[in-house]
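Colleague: I'd like to go through this model with you and ask how each label was earned. Can we start with the backbone and end with the empty space?

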Amino acid sequence: MAHPLSQRIDHVLDLDPSAGAIEYDGQWCSWGRLAAAARRIGTLAGTGRVGIMLRNQPVHVAALLGVLAAGGTVVVINPSRGDERTRADVAALKLPVIVGLPADLAALAPSTDATTVAIGDLDTPPVVTAGHPPADPGRPGVAVRMLTSGTTGPPKRVDLTYDMLARSVLGQEPHTPPTEIRPGVAIVNSPLVHVGGVFRVLLCVAEARPFVLLPKFDLQLWAAAVRRHRPGAVSLVPAALRTVLHSDLTREDLAGIRVVTSGTAPLSADDADAFTEKFGIPVLTSYAATEFGGGVAGWTLTDHRKHWKDKRGSVGRANPGAQLRVVDHNGIPQPPGQQGLLEVIPAQLAGSSEWLRTTDLARIDSDGFVWILGRADQAIIRGGFKVMPDDVRAALENHPAVQGAAVVARPDPRLGETPVALVELRPGTSADEAELVTFLRSRLARYEIPTEIAITEAIPRTASGKPDLTAVRSHFAPA
């Protein structure tokens, strides 16, 4: 019997074939066209492991839905990482089937023996080229082998089961399927190669909600979609939220939006407050990880109204069904207010009693509000003093000219390591290293101030919008 998630996808695809499902590049495609393409691709791809070279296009949404409706495992491949890295990735995966655009598939040769399914658009039949793949062991029960963001190193894959995704997007059992297409239109600007993009697409489909699909976050395209459809809620990663905050958009441009959610990376309380002050829209931050298959903590609108003033900077409280605690390095639980490593039992792993250790430093107060203080594995030890990169980044981003910043460690023969920062300025502004250092002196301890601040046109980022710290480190590496 098909999994409830597969059943829900099939059910919604057939609810109203003539209604609009996805708006892309100014054109709507119907649920019927989406369903037909999904089933064509799902039939050709089979029910084993299926690599999909995902891009934010309707036909790739169809491929994702088709494989999941058929009960297969989507193995996410990011074609934007560069041909050489993608070829190496695919060679290591030994996939039986790979789906992608013809140009993306052509770049794989000769690294794969997989059968390939070339897709073009929703209406063009896929072209199958038979390969000679080895016997596939499959991943029973796994819906998506998702790439982590690759913030600190090469991306790795995490198994998201059908049960985990169902708990994230279908809600509590018993699942009640929708009986009609919902009237509102959502906006999906997160990349499909990131868990945020997959989650948002599946949530829209599970709720029978049409959505605008953007190739990536683009301020003008996003703002036009907001004006057109007046969604009540939008999701913005911190980098995108800062772009909106420092743009010329007004409250009138964002009319209809009642709340903004933000996750995937730290968002400073100052930025959240500045956004609310400018647009009159509360920002609800959350905490999630790919390994959890979704969020484990976040702000509700009720909590925000009652507690934000006293708890600003927190990522909210544990989601229903999730458990969070802070432990020391020996695994001993710490009392409220004490700093330590965060451990989680996600609601997505219903029935589990195993605490999952994260690398995040956190504290949880007596009311259950959680503060993420930084990554333990990214702490910079400068002559015995601990520097948290997120503290330095947040201080730099408080400068009126700074669009974004990324802070990493650089080896130092005397101090062990020191912080260095890559800074991206907002259009039309100017600042140099001396000005930024002077700005930081009143906001950071002396040992926290970077020993070098480099101005760049654009900070390299991962698909999820986080700074690509491996690329940032290479910027400061000796020539």
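**Labels against cut-offs**

Modeller: Let's begin with A208, which is found in the loop between α7 (195–206) and β11 (211–213). Helices here are DSSP runs of H or I with at least four residues, strands are E runs with at least two, and both are numbered from the N terminus. This is a predicted model, where local features need pLDDT of at least 70, side-chain atom pairs count only at pLDDT 80 or more, and totals for chains, interfaces and linings use all residues. Residues are numbered from 1 along each chain as its sequence is written, and side-chain values use heavy atoms, with hydrogens and water left out.

Colleague: What makes A208 stand out?

Modeller: A208 isn't a glycine, yet its phi is positive, about 60°. R230, also not a glycine, has a positive phi of about 45°, and R230 belongs to the loop between α8 (219–229) and β12 (233–235).

Colleague: How do you know whether A208 is buried or exposed? And R230?

Modeller: By relative accessible area with a 1.4 Å probe and protein chains only: under 20% is buried, over 50% is exposed, and in between is partly exposed. A208 has 0%, so A208 is buried. R230 has 52%, so R230 lands in the exposed class.

Colleague: On to the rings. Why is the pair of W299 and W308 called edge-to-face?

Modeller: There are 5 aromatic pairs by the rule used. Rings of Phe, Tyr and Trp (its six-membered ring) pair if their centres lie within 6.5 Å; planes under 30 degrees apart are stacked, over 60 edge-to-face, and the rest tilted. The centres of W299 and W308 are 5.3 Å apart with planes at 65°, so the edge-to-face label follows. Both of these tryptophans are buried.

Colleague: And what makes W299 and F369 tilted?

Modeller: Their planes are 40° apart, with 5.1 Å from centre to centre. W299 sits in the loop between β15 (294–298) and α11 (301–311), F369 in the loop between β19 (356–364) and β20 (370–375), so this pair ties together parts 70 residues apart in sequence. W299, at 6%, is buried, and F369, at 0%, is buried as well. Ring pairs link W299, W308 and F369 into a cluster.

Colleague: How do you know that a charge sits over the ring of W371?

Modeller: NZ of Lys or CZ of Arg has to be within 6 Å of the ring centre and within 35 degrees of the ring normal. R363 meets that rule, with its charged end 4.1 Å from the centre of the W371 ring. R443 does it over F439, 3.6 Å from the ring centre.

Colleague: What makes R242 and D271 a salt bridge?

Modeller: A side-chain nitrogen of Lys or Arg must come within 4 Å of a carboxyl oxygen of Asp or Glu. In R242 and D271 the closest N and O atoms are 2.6 Å apart. R242 is in helix α9 (residues 238–245) and D271 in helix α10 (residues 269–279), so the bridge ties together parts 29 residues apart in sequence. Both R242 and D271 are buried. The structure holds 23 salt bridges.

Colleague: How does E207 with R182 qualify?

Modeller: Their closest N and O atoms are 3.8 Å apart. E207, at 27%, is partly exposed, and R182, at 35%, is partly exposed too.

Colleague: Last one: what makes a space a cavity, and which residues line the largest one?

Modeller: On a 1 Å grid over the protein atoms alone, a cavity is a set of points where a 1.4 Å probe fits but cannot get out, a pocket is an open set with protein on both sides within 12 Å along at least five of seven lines, and lining residues have an atom within 4 Å of a point. Points are joined across faces, edges and corners, and volume is the space filled by probe spheres set on them. The search finds 1 cavity of 30 Å³ or more, and the largest cavity holds about 30 Å³. Its lining is A37, R40, I41, V59, I119, D121, L122, T124 and P126. Helix α2 (residues 31–45) gives the most to that lining, 3 residues. The second largest pocket holds about 190 Å³. Of its 13 lining residues, Y24, R33, P58, D121 and L122 are the closest to its centre.
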